[in-house]
Amino acid sequence: MSSQPPIAFLGGGNMASAIIAGLHKVGYPAAKLRVGEPNATQREALIRQFAIQGHAHNPDAVAEAAFVVVAVKPNLVAQVLRDVAPQLAPTAVVLSIAAGVDLTTMAAALPAGQPIIRAMPNTPALVGQGMTVLCPNGHVDAEQLAQAQRLLESVGQVAVVKQESLMDGVTALSGSGPAYLFLIAEALSDGGVACGLPRALADQLAVQTLLGSATLLRESGEHPGVLKNRVTSPGGTTIAGLGVLERQGVRGALMAAVEAAWNRSKALGQ
Ligand SMILES: NC(=O)C1=CN([C@@H]2O[C@H](COP(=O)(O)OP(=O)(O)OC[C@H]3O[C@@H](n4cnc5c(N)ncnc54)[C@H](OP(=O)(O)O)[C@@H]3O)[C@@H](O)[C@H]2O)C=CC1
Ligand SMILES: O=C(O)[C@@H]1CCC=N1
């Protein structure tokens, strides 16, 4: 990364820890990372693991930050922003990862003209395979947006959207998506165990099959249906399994899961 702006994380839970770990892995200087986290156990764990600075009070964490990553639960965002507002530099970019909390709500808690980005990352950032979508407000300049992109590209892929209403769908698909896929991995492994495979082997087969299939899908650029057809021999094993998945409505269930998460994201913003 060409420039390494100081970043303050407000909230050091699951998602913030995944991004901090991802940044740590790519050599982001610890001296440029701070966290505001009232939970002493969580704060001390981050300080110990990544040698970053930790603060019990959020205002102490943001003083010199160029980026302030807001990673608390959605219902706490407005209060946390009001608490840190007096300490924020006018050019500091507030980048919130909270599901459902919109740019207007955040702007109301901050000084007029503050650059704000609503972002939605996901936990594979921990291993450099995250997917983050950014939606900036009108006060984020081109260089600040490019800097935010570079920052999050160091832990995965980044897309930018201008239409904020898309962020609820993003949250439902890529934000929550890892949980759907972990559930599928767990279920595939259970299926293998039901067929008599030892658990460790079943786990290995499930993970590598998901990873290999995702890699093939991305690298081939082919439609998933085409790749599915290549696995499916006439009268063979795969069509027997696919028939069950279709009869049980797995395709519809996955679509309904994304729609339920979409509705929940919209509700969290109200
Ligand atoms: N987990 C995920 O995969 C993703 C989460 N997000 C978003 O990230 C945000 C955090 O989620 P997640 O990491 O899962 O949640 P966590 O509960 O793991 O993390 C939130 C952390 O914030 C701490 N906290 C509570 N109050 C404050 C405060 N006033 N100031 C600073 N920190 C505080 C919590 O401490 P304590 O536990 O003591 O309350 C906790 O450690 C949410 O808004 C969520 O929508 C977005 C994308 C993906
Ligand atoms: O479950 C949630 O609300 C958060 C947002 C996306 C992933 N986790």
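How much helix and how much strand does the chain hold over residues 164-268? In this predicted model, the stretch is 84% helix and 0% strand. The C-alpha atoms at its two ends are 15 Å apart. The boundaries come from UniProt, where an unreviewed entry annotates residues 164-268 as "domain: Pyrroline-5-carboxylate reductase dimerisation". Helix α11, residues 237-247, has little cover. Among its 11 residues, the count of buried ones is zero. Just after α11 comes G249, with a positive phi of about 75°.

Strand β1, residues 7-10, has two partners. It pairs with β2, residues 33-36, in the parallel sense. Four bridges join β1 and β2. The pairing of β1 with β4, residues 67-70, is also parallel and runs over four bridges. F9 shows both pairings: it stands opposite V35 in β2 and opposite V69 in β4. The side chains of β1 point in two directions. I7 and F9 point one way, while A8 and L10 point the other way. All four residues are buried. Helix α1, residues 14-25, joins β1 and β2 in a right-handed β-α-β unit.

Helix α1 also takes part in the surroundings of ligand 1. It supplies three residues of the shell, the largest share. In total, 27 residues surround ligand 1. Those that come nearest are G11, G13, N39, A98 and A99. By class, the shell divides into 14 nonpolar, 11 polar and two charged residues.

Ligand 2 is surrounded by A99, T171, G175 and S176. A99 is thus named for both ligands, being listed among the residues that come nearest to ligand 1 and in the shell of ligand 2. The shell around ligand 2 has one nonpolar and three polar residues. No charged residue belongs to the shell of ligand 2.

One further position comes from the UniProt record. An unreviewed entry lists N58 under "binding site". In the model, N58 is found in helix α3, residues 58-62. N58 counts as buried because 24 other C-beta atoms lie within 10 Å, and the cut-off for buried is 20 or more. Neighbours within four places in sequence aside, N58 is in contact with L10, G36, V80, D83 and V84. Two of these contacts lead back to the strands described above: L10 belongs to β1, and G36 falls within β2, residues 33-36.

Two loop positions complete the description. A51 lies in the loop between α2 (40-50) and β3 (53-55). A51 has a positive phi of about 55°, although it is not a glycine. Most residues other than glycine have a negative phi. A51 counts as exposed because it has 12 C-beta neighbours inside 10 Å, and exposed means 12 or fewer.

D141 is found in the loop between β7 (130-136) and α6 (142-153). With 13 C-beta neighbours inside 10 Å, D141 counts as partly exposed. D141 and T91 are 50 residues apart along the chain. Their C-alpha atoms are separated by 9.8 Å.

How values were computed:
Residues are numbered from 1 along each chain as its sequence is written. Chains are lettered from A and ligands numbered from 1 in the order in which they are written. This is a predicted model: local features need pLDDT of at least 70, side-chain atom pairs count only at pLDDT 80 or more; totals for chains, interfaces and linings use all residues. A residue is near a molecule or strand if its C-beta atom, placed from the backbone, lies within 6 Å of it. Ala, Val, Leu, Ile, Met, Phe, Trp, Tyr, Cys and Pro count as nonpolar, Asp, Glu, Lys and Arg as charged, and the others, Gly among them, as polar. Two strands pair if DSSP finds at least two bridges between them. A crossover is right-handed if, with the strands pointing away from the viewer, the path from the first strand over the helix to the second runs clockwise. UniProt positions are given in the numbering used here, feature names are shortened, and annotations may be inferred rather than shown by experiment. Two residues are in contact if their C-beta atoms, placed from the backbone, lie within 7 Å.
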